[in-house]
Structure formats: C-alpha cells, structure tokens
4 protein chains.
Amino acid sequence: MKKKAVPSMVKDQQLVKKRREQMVKGAVRLFIEKGFHRTTTREIAKESGFSIGTLYEYIGSKEDVLYLVCDAIYEEVRDQLVSQLDTEAVGIDRVKKAIAAYFRVIDHLQDEVLVMYQEAKSLPKEALMYVLQKEVEMTKMFEDIIRDYVAEYRIDLSEEEIKLMSHNILVQGHMWTFRRWAIRRLYTLEEYTKLQSEQLLSPLTTVSN
Amino acid sequence: MKKKAVPSMVKDQQLVKKRREQMVKGAVRLFIEKGFHRTTTREIAKESGFSIGTLYEYIGSKEDVLYLVCDAIYEEVRDQLVSQLDTEAVGIDRVKKAIAAYFRVIDHLQDEVLVMYQEAKSLPKEALMYVLQKEVEMTKMFEDIIRDYVAEYRIDLSEEEIKLMSHNILVQGHMWTFRRWAIRRLYTLEEYTKLQSEQLLSPLTTVSN
Amino acid sequence: MKKKAVPSMVKDQQLVKKRREQMVKGAVRLFIEKGFHRTTTREIAKESGFSIGTLYEYIGSKEDVLYLVCDAIYEEVRDQLVSQLDTEAVGIDRVKKAIAAYFRVIDHLQDEVLVMYQEAKSLPKEALMYVLQKEVEMTKMFEDIIRDYVAEYRIDLSEEEIKLMSHNILVQGHMWTFRRWAIRRLYTLEEYTKLQSEQLLSPLTTVSN
Amino acid sequence: MKKKAVPSMVKDQQLVKKRREQMVKGAVRLFIEKGFHRTTTREIAKESGFSIGTLYEYIGSKEDVLYLVCDAIYEEVRDQLVSQLDTEAVGIDRVKKAIAAYFRVIDHLQDEVLVMYQEAKSLPKEALMYVLQKEVEMTKMFEDIIRDYVAEYRIDLSEEEIKLMSHNILVQGHMWTFRRWAIRRLYTLEEYTKLQSEQLLSPLTTVSN
DNA sequence: TATGAATGAGCCTTCATTCAT
DNA sequence: CATGAATGAAGGCTCATTCAT
C-alpha cells in the first residue's frame with residue numbers, strides 16, 4: 001500500500017517536510033491534550049508556529065493532519081524499535097530483548113501511541129487502511145523473530161500460535177499506554193516487561209504438565 | 001464511586017428509565033455507525049423516536065448520552081457474563097469457562113464494546129472515572145476467580161501476576177473487537193478462545209523447563 | 001420541469017412559506033445593492049429579520065436563496081402580467097396592449113428583473129435549467145398572442161418570424177432594465193413602449209415597399 | 001472619458017503590454033469557464049504563464065484584470081467590426097451590411113462578449129463607467145450609419161427612433177450570445193441576421209399600411 | 001523583474017442547546 | 001410532558017494580497 005499523498009501548494013519539498021514536522025509536533029501536543037475532534041485547525045496552526053493560511057498550504061483538510069500524525073508516529077516507533085533491536089542476541093534471549101525494546105519504545109512515545117490508538121478511527125477509510133497496514137508490518141516483525149526461534153529450537157508451536165503471540169505482544173505494548181491508569185500503579189516498566197515476557201513466552205520455555 | 005446523576009426535567013422515574021433505554025438503543029446504533037462526535041443530538045433524538053426537545057428533557061448535555069451508553073454497555077456485559085458463569089465448575093476448568101464466557105459475551109456485544117472503547121475517552125473526567133471504575137470491578141472478578149484457583153491448588157503465582165493475568169484477560173477480550181480487522185481472518189471465536197486460554201493459563205498449568 | 005425542491009428542516013409549510021418570503025425580500029434588496037457574490041449569508045439572515053441559524057433551517061445552501069429569489073421574481077412577473085392582460089382587446093390592439101402590459105410590469109419590478117438577469121448564471125445547472133424554462137414559457141405567451149393575431153388576420157408571417165418577434169419583445173423588456181443607464185435618459189416608459197411597439201409590430205401592420 | 005490607469009510596478013511599457021496581453025488571454029478563458037467570482041487570482045496567474053507575484057506586478061487588484069479583459073474585448077470587437085465594414089456599400093445595403101458584419105463579429109467572439117456582458121457589473125463604478133462609454137461609442141457608430149441613410153433618402157425617422165434602432169441592433173447582437181440557449185436552436189447566424197435585419201429595418205423600407 | 005511562501009480577514013455551514021407553545 | 005423553531009458561537013476552509021529573497 002502506497003503512502004497516501006497529502007496535497008500541498010508549496011513546491012519546495014525541503015520546506016514541506018520541515019513545516020509538516022512542525023505541524024505534527026504541534027498537533028500531537030494538542031491531540032494528546034484534547035483529542036482530534038476538540039482541536040481546531042486554528043489551534044494546530046498556532047501551536048505549529050504559523051497562520052491558518054499557512055497550515056492549509058501544506059495540507060488539504062484537517063484529516064490530513066491526523067494522517068500525518070499517525071504516519072509520523074508509526075515511523076518513529078518503528079525507527080526507534082529497529083535501532084534498539086539487539087542483532088547479536090540469540091535464542092529466547094533475542095525474543096525477550098525484542099519485546100523489551102518494543103515496550104521501551106512504547107513507553108518512550110506513550111502519549112503519541114495513545115493518540116494514535118484513540119484517534120486513528122477518525123481517519124478516512126483509505127488513510128485508515130494505510131495505517132493499519134503499518135500495524136500489520138509491525139506484527140510481522142515479531143512473527144519473524146518468533147518464527148526464527150521456533151524453527152531453530154524446534155519448538156512445538158503452530159503458525160497460528162505464532163501469529164497470535166505476535167498480536168499479543170503488540171497489544172500488550174499498547175496496553176501499557178491505554179491502560180496506564182490501572183497498570184502503572186501496579187508495575188514499573190521493568191516489572192511489566194518481565195512479567196509479560198514470562199507470561200507470553202511461557203509456551204516457548206515450558207513443557208506441559 | 002456513585003453512579004453519576006444525569007439531570008432530567010421529568011419526575012416520573014419509570015418514564016425516565018424507559019426514555020433513556022430508547023435513547024441508549026438509538027445512540028448505540030448511531031455511535032457504531034459514525035462515532036460519537038459525528039453523531040448529532042438531532043439524530044439521536046430521531047433514532048430514539050422522539051423530538052430534540054424531548055431528548056433534552058432527559059439529559060443535560062450530549063455527553064450525558066455517551067455516559068448513559070457506556071454505563072448501559074457495561075451493565076449489559078456484566079449481566080450477561082454473570083448469567084453465563086458456570087458456578088459448578090471447579091479447578092482450572094472454572095477459570096477456562098469464565099474466560100470463554102467472557103469472550104462469548106464480548107463477541108455477542110462486539111459493536112457496543114468497540115464503541116465504548118473508542119468513545120469513552122470523550123467523557124468528561126468524572127464520568128470517565130466512573131466508567132473506568134466499572135472496568136476495575138470487572139478486572140476484580142477475574143482476579144478473584146484466579147486467586148481462588150491459585151489458593152486452592154497452591155499454584156506459585158504472585159499477587160502481581162494474578163492482577164496482570166486478569167488485565168490480560170480483559171484486554172484480550174477487547175482485542176477481539178478492536179483488532180478484528182486482523183484477528184477474525186485468522187481465527188473463529190472458538191479457536192481464539194482456545195489459543196488465548198492456553199497461552200494465558202500456561203503459567204497455571206505448566207512447570208518451568 | 002418540476003420545481004426544484006429546496007430542503008428545509010422546518011415542517012410547518014405555512015411557516016416555511018412565510019419565512020422564505022421574508023428571505024427573498026431581504027435577499028433581493030441586498031442582491032440589488034451588491035450582487036449575489038458580494039452578499040453574505042449573514043447579511044441575508046439579518047436583512048430577513050432572523051439569525052443565520054434560522055436561515056439555514058429554511059435552505060440548504062446559499063445558492064438556494066438565489067434560486068428562491070429567481071423563482072419568486074418570475075412568479076411575480078408572470079402574475080402581474082397575467083393580471084394586466086386585457087382579455088377583451090382584439091386585433092393588433094391586443095398585441096400592443098400585451099407588450100405595454102409586459103413593459104409596465106418590467107418597469108415596476110425593474111430592480112428584481114435586473115438582479116435575476118445578472119445573477120441567474122450563478123445558479124447550479126439544474127436550477128438554471130428550471131429558471132430558463134420559465135423564460136421559455138413567457139416567450140410562448142407572446143408567441144401565442146402573435147400567432148392568434150397572424151392567424152385571424154392572415155398576416156404573412158412565418159413561424160420563425162413569430163418566434164423571433166416574441167424573443168425580441170422579451171429582450172426589449174429586459175433591455176429597459178439592463179440598459180437603463182442609456183435608455184432612460186432618452187425615453188419615458190411610455191415613449192419607449194410606443195416606439196418599440198411600432199418598430200416591433202411594423203411587420204404586422206405595414207406592406208413592403 | 002480617459003482610459004482608467006491600471007497601476008503597474010514595472011516600468012518597461014513594452015513588457016507591461018505583453019504581460020497584460022497574456023493575462024487577458026488567460027483570464028478570458030477562465031472567466032468563460034467559471035465566471036469572474038469563481039476564478040482565483042492564482043488561477044489567472046497560472047493560466048497566463050507566470051506566478052501570482054508577477055501578476056501583481058502588473059495590476060493593483062483582481063478587479064483590474066476584469067477591467068483589462070472588458071477593455072480588450074471591446075477593442076477587439078470594434079477593431080474587427082471596423083475592418084469588416086464595407087465602405088463601398090450604399091443605400092440600405094450599407095446599413096444591412098453593417099448589421100451583418102456586427103453580428104458576425106459578435107458570433108466570432110461570442111464567449112468573450114458573453115463574459116463581458118455577465119461580469120462587467122462587477123467592475124468598480126469608475127471602470128464600469130468607462131466600459132459603458134465604449135458601448136455608447138459603438139451605439140453611435142450605428143446611429144451615424146442610420147442617420148446618413150435617413151438623411152440621404154429622406155426617410156421619415158425621428159432622431160429618437162434612430163437612437164432606439166441603434167440600441168436595438170446592439171442588443172440583438174448581444175442577444176445572439178446571451179440567449180443562445182434558445183435562439184441557436186431556431187436559427188443559423190445567417191437566418192438570424194436576415195430575419196432581424198428585415199425586422200429592424202422594416203421602418204426604413206416600408207410604408208405604413 | 002520574478003517568485004512563491006506567508007498572512008488573516010472573512011466566508012459558508014453546522015449543531016448543541018433553549019424556550020415558547 | 002412533548003414539540004420543534006430559533007439561536008449564535010464556533011469550525012473548517014479559501015483566497016486576495018504582500019513582501020522577502
């Protein structure tokens with residue numbers, strides 16, 4: 001799925017990139033604070049440091065801002081995750097470290113991730129599809145890591161179980177943000193990571209009773 | 001936390017109850033279709049079968065409708081869950097059956113649950129607190145079930161692990177709705193229930209390798 | 001061609017009619033003064049005696065106001081014309097009196113007619129078609145009158161000439177408004193009517209040299 | 001009445017002329033397509049082949065473009081008309097040929113003439129006066145031609161009748177454009193010219209019955 | 001001279017809420 | 001109690017015009 005083209009009246013691509021970065025930064029702050037629907041385009045422009053007219057030089061509609069925000073957050077999450085993956089780790093340790101890295105990234109970008117989680121549904125259908133595709137790709141990253149491990153150590157785990165485990169990892173990452181009102185009272189990130197890892201990976205490291 | 005009082009101009013409590021039921025029914029349909037923010041009060045009134053003036057005889061603001069909707073959905077989920085719990089089951093079977101019952105209820109009310117998940121954040125703070133409290137109570141239901149089992153069978157599971165497991169159950173139930181775009185392609189409800197159960201309960205039924 | 005339905009949120013048809021009459025009255029005043037495009041919906045609402053919100057209870061868009069205005073002007077012109085037609089007149093006198101009546105009506109409604117002339121082009125296609133249809137009908141009225149005369153007195157005038165004569169009458173009526181900057185300096189309405197009548201009807205009353 | 005001065009930041013008169021010609025050409029195309037109010041200055045600049053900044057180097061406001069357009073169209077109509085006038089014709093034939101030439105020019109420039117007819121009203125007062133002056137001059141051209149004929153052949157036609165006849169010629173020319181939705185279905189240009197000529201000139205060529 | 005990014009006043013339209021009947 | 005017409009603040013977006021480069 002190709003990146004949806006957000007229309008811009010400005011030709012200088014360098015400038016477009018810069019302005020959209022400002023815009024995303026400002027919009028995220030506002031969406032975190034009050035949500036997409038309660039944020040006005042004027043507020044976004046102001047928070048981004050330019051006028052309403054200028055805002056519309058770089059987007060076609062308010063929904064485009066949401067799309068840019070979601071896209072940027074996904075990119076950021078994936079980039080940070082990739083840069084934190086320990087490429088030297090082997091065995092179950094590799095899986096554990098991937099999960100830990102992922103949770104760390106989510107924790108680091110918790111506000112952003114939460115925004116995306118709560119507002120992506122307001123995207124127009126096509127843009128939503130594109131964003132969900134990103135989620136699919138991220139799920140596949142974990143599938144691959146698990147599948148590698150399963151293959152190498154001849155673990156008895158079906159393809160379905162691998163896929164589900166991967167989904168669970170993703171969701172438990174998000175859960176750290178959207179359930180933080182309950183969970184952060186109970187655990188630190190390290191504790192959460194350790195407990196979830198053990199739980200998640202229990203099928204990989206135990207034998208049935 | 002006490003149920004938040006939604007103001008009504010009408011004295012007859014019987015009538016208030018009836019009208020609000022109509023209202024919730026209508027609103028849920030609309031929120032499922034287009035979300036809270038894109039639904040107008042006029043539409044809610046119409047879908048509920050009365051006029052906009054009448055709508056405001058039974059609520060104080062649009063947000064009250066959302067609150068009533070969330071509240072009703074929680075009640076419904078809890079009621080259905082309670083009625084489906086197999087009170088005769090014992091051992092790990094009791095836990096499994098509780099999970100299965102919960103997932104069944106979620107599946108049955110998937111649209112409603114999804115709406116609540118996506119829109120609750122738009123509630124005013126106080127109302128949100130109240131709704132989250134309901135979530136806490138539901139989590140506690142599962143905590144209790146697990147704790148009973150752990151106690152009886154002297155499983156080596158800490159209080160923190162019990163709480164987390166309970167949260168995971170809840171979230172995996174919701175996940176069946178908010179990730180259905182991916183998950184329903186892979187599993188039927190029965191498969192999903194089975195796989196998640198095994199995974200979730202693996203710490204209760206296996207011994208470390 | 002059926003009358004285009006202008007959407008209204010208000011059910012009471014009596015009220016709709018009344019409010020739209022206010023609206024047309026106010027809008028005509030403004031369109032005369034500054035044209036359709038330079039008139040804002042707020043101004044229309046204010047001039048009509050109600051709020052902007054109320055305005056939109058009775059129309060779907062600004063263009064609807066223009067449509068209502070054009071429609072109302074046509075109705076008015078036709079009604080006044082019909083009521084002024086001398087049904088007892090016979091011979092060339094009947095034609096002359098019809099022209100005179102028409103010019104009188106145009107003079108009476110000159111501002112309105114001018115507005116319609118200048119702004120109708122801004123109507124959406126469908127509405128424009130409807131309005132042009134009204135113009136066609138009015139042209140036919142004169143065709144019929146001329147045709148009757150031609151038939152009765154066995155005048156040597158082809159169908160094409162009849163049609164063209166009718167168009168010329170219509171346009172010379174409008175000309176009294178859109179060329180008034182030049183023509184009203186030269187003639188009173190009576191003089192204009194007399195001269196144009198003679199000129200127009202010369203093919204009916206003379207023999208070729 | 002002197003030509004209204006349109007302000008320009010550019011000194012080189014040669015260049016000013018060239019750019020304004022580009023501009024008029026582009027603007028006419030756009031005005032024909034969507035009218036003056038629905039055309040943006042950006043579009044005019046683009047269609048003219050330069051940037052919005054450059055556009056404003058050669059005009060002071062959007063209305064200046066309309067003025068330049070109207071002025072150019074008038075010039076064009078007059079130039080073409082003058083070049084087509086048969087200076088050798090005599091008698092009634094001279095008048096007929098002038099009318100035919102005029103109608104031919106109008107037909108040739110029908111889109112342009114229509115634009116001018118529909119949009120001139122949006123000119124600021126002073127510019128409108130200037131444009132109307134051009135119309136007066138054109139009317140006088142026909143007055144003169146008719147007056148010559150009337151004088152030479154001692155036709156019984158008052159000065160008022162001459163003036164009105166001239167206005168009618170002008171308007172019937174325009175009518176070929178603004179009523180084309182009805183008239184072009186009925187007549188070819190040649191038929192229209194012939195019929196209107198006969199009708200118009202009937203007072204010059206017939207004797208009263 | 002030419003460019004095009006920036007500006008912000010202002011436009012059309014929506015919709016939660018009120019209140020007279 | 002029920003109705004629905006009226007209200008107007010507020011929102012998304014456009015576009016003529018300016019000005020630094």
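Contacts between chains and with DNA strand F

Visitor: How many residue pairs are in polar contact between chain B and chain A?

Guide: In this predicted model, 17 residue pairs are in polar contact between chain B and chain A, counting pairs with both residues at pLDDT 80 or more. On the side of chain B that touches chain A, H8(B) gives the largest share, 13 residues.

Visitor: Why is the pair B:Arg38 and A:Glu63 called a salt bridge?

Guide: The N to O distance between the side chains of B:Arg38 and A:Glu63 is 3.6 Å. A salt bridge requires a side-chain nitrogen of Lys or Arg within 4 Å of a carboxyl oxygen of Asp or Glu, so the pair qualifies. The rule finds 6 salt bridges across the interface of chain B and chain A.

Visitor: How do you know that chain A and chain C do not touch?

Guide: Their nearest C-alpha atoms are 21 Å apart, whereas contact means heavy atoms within 4.5 Å. Chain B and chain D do not touch either; their nearest C-alpha atoms are 30 Å apart.

Visitor: What makes C:Arg42 a polar contact of DNA strand F?

Guide: A polar side-chain atom of C:Arg42 lies 2.6 Å from a base nitrogen of the strand. The cut-off for a pair of N or O atoms is 3.5 Å, therefore this pair counts. A:Arg42 also places a polar side-chain atom 3.3 Å from a base nitrogen of DNA strand F.

Visitor: Why does C:Met9 count as a polar contact of DNA strand F?

Guide: One of its backbone N or O atoms lies 3.4 Å from a phosphate oxygen of DNA strand F. That distance is within 3.5 Å, so C:Met9 counts.

How values were computed: Residues are numbered from 1 along each chain as its sequence is written. Chains are lettered from A and ligands numbered from 1 in the order in which they are written. This is a predicted model: local features need pLDDT of at least 70, side-chain atom pairs count only at pLDDT 80 or more; totals for chains, interfaces and linings use all residues. Side-chain values use heavy atoms; hydrogens and water are left out. A polar contact is a pair of N or O atoms within 3.5 Å; within protein, one must be able to donate a hydrogen and the other to accept it, and residues adjacent in sequence count only if both atoms are side-chain atoms. Helices (H or I, at least four residues) and strands (E, at least two) are DSSP runs, numbered from the N terminus.
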